[in-house]
Amino acid sequence: MMAASSAPNVPSHMKAWVYPEYGNPSQVLKLDDTVPLPQLKEDQVLIKVAAAALNPVDYVRLLGYMKAFDSPLPTTPGFDAAGVVVRVGNAVSKFKVGDQVYGDIIVGLSEPKSLGSLAEYTIAEEKLLCHKPRNLSFAEAASLPLAIGTAHGSLQRVGLTAGQSILVLGGGGGVGTLVIQLAKHVFGASKVAATCSSGKVEVLKKLGADVVIDYTKEKLEELPEKFDVVYDAVGEGERAEKAIKEGGKVMSIVYGARNSGNCMAYIMDVFEGAVLEKLGPYLESGKVKAVLDPKGPFPFSEAVQAFEHLITKRATGKIVIHPISS
């Protein structure tokens, strides 16, 4: 399909990280400099990627746990992207060439794409994108879409309301750091508590957590207080249920979680740009902040090392890859 408009000097091929088979990233993820640029559909834009972020689902997908409904191999991983629009499809009206945008570019798990964000260029449907807030760098913007969409959608689903209390298990991770902030500033929680390891305590305090629990020193079962909602980002299962009040709920975002009793499992959704637009004022005001892991950003050439850090489950906030080479 011919684009409605295009920036000059867009190449026909690009560099992209690709895996031709499922497995560990150190064994199967390769940098390919001969990947053809994708063809646009009428509702899509072509983005010159400035930054991308990794999520646990990228690793789950790379291992082949989603192969029953995954896109055909070879695959370029990456859900989150931030960059500059260089082409727009004929039906696109919201964006123009030169716009700085960000978003979760994968249309949910029901229709995963072969081309993700770990590439010099990628494509995304117009509805998935949002204009990048001016106060955010490309790296900060890339860190947000999937994690903030998950945090917002799951808090909505569990029904957190103003005046309720919440305990976030795994408050130092990519989603947890955003749940703390959204619970406090968007949903109006009266008390936000969170667990983390010793090295992340001060980070969580700065994000606004009222109570920070070092799980290396305190046991979940021995907490004197119970909560309206326990948000499980790490897979505590039955232990999480022991921390809720009577009538309280557990929200689990861990892969493979199931609805049972007081526990609700969050199924990954399609995060459209409208969610980012809704949360834009909180990002622009600085009430909600992107949290980037201090080991990064990783350069494009070190995507495998970025995955290896993701696998450790020790990251603080999000693992970002920036800049993307050109």
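**Reading a predicted two-domain chain**

Author: In this predicted model, the rule for ring pairs gives a count of 2 aromatic pairs.

Reader: How are the rings of Trp17 and Phe300 arranged, and why does the pair carry that label?

Author: The general idea is to take the angle between the two ring planes, where over 60 degrees counts as edge-to-face. Here the planes of Trp17 and Phe300 stand at 75 degrees, with the ring centres 6.4 Å apart, so the pair is edge-to-face.

Reader: Which parts of the chain does the pair link?

Author: Distant ones: the two residues are 283 apart in the chain. Trp17 belongs to strand 2 (residues 13-18), whereas Phe300 sits in the loop between helix 8 (273-285) and helix 9 (303-312).

Reader: Where does the domain assignment place the domains of the chain?

Author: Domain 1 is given as 13-132 + 292-321, and domain 2 as 150-265. Taken over C-alpha atoms, their centres are separated by 28 Å. To the contact, domain 1 contributes 8 residues and domain 2 contributes 7 residues.

Reader: How should the area between domain 1 and domain 2 be read, and which residues of domain 1 lose the most?

Author: One begins with the total and then turns to its make-up. The two domains bury about 530 Å² between them, and 60% of this lies on carbon and sulfur atoms. On the side of domain 1, the residues that lose the most area to domain 2 are Val60, Thr316 and Gly317, which together account for 56% of what that side buries.

Reader: How many salt bridges and polar contacts cross between domain 1 and domain 2?

Author: The rule finds 0 salt bridges across this interface, while 3 residue pairs are in polar contact. The residues of domain 1 that touch domain 2 comprise 4 nonpolar, 2 polar and 2 charged.

Reader: What should one look for in the backbone?

Author: Most peptide bonds are trans, and most residues other than glycine have a negative phi. Departures from that pattern deserve a look in this model.

Reader: Which peptide bonds are cis, and where do their prolines lie?

Author: The bond from Leu73 to Pro74 is cis, with omega near 0 degrees. Pro74 lies in the loop between helix 2 (56-63) and strand 5 (80-88). Another cis bond joins Gly296 and Pro297, where omega is about -5 degrees. Pro297 is found in the loop between helix 8 and helix 9, the loop that also holds Phe300.

Reader: What is the phi of Asn9, and where is this residue placed?

Author: Asn9 is not glycine, yet its phi is positive, near 65 degrees. The residue is located in the loop between strand 1 (5-6) and strand 2.

Key: Residues are numbered from 1 along each chain as its sequence is written. This is a predicted model: local features need pLDDT of at least 70, side-chain atom pairs count only at pLDDT 80 or more; totals for chains, interfaces and linings use all residues. Side-chain values use heavy atoms; hydrogens and water are left out. Domain bounds come from an automatic or database domain assignment. Contact means heavy atoms within 4.5 Å. Buried area is the accessible area (1.4 Å probe) that two parts lose on being put together, summed over both. A salt bridge is a side-chain nitrogen of Lys or Arg within 4 Å of a carboxyl oxygen of Asp or Glu. A polar contact is a pair of N or O atoms within 3.5 Å; within protein, one must be able to donate a hydrogen and the other to accept it, and residues adjacent in sequence count only if both atoms are side-chain atoms. Ala, Val, Leu, Ile, Met, Phe, Trp, Tyr, Cys and Pro count as nonpolar, Asp, Glu, Lys and Arg as charged, and the others, Gly among them, as polar. Rings of Phe, Tyr and Trp (its six-membered ring) pair if their centres lie within 6.5 Å; planes under 30 degrees apart count as stacked, over 60 as edge-to-face and the rest as tilted. Helices (H or I, at least four residues) and strands (E, at least two) are DSSP runs, numbered from the N terminus.
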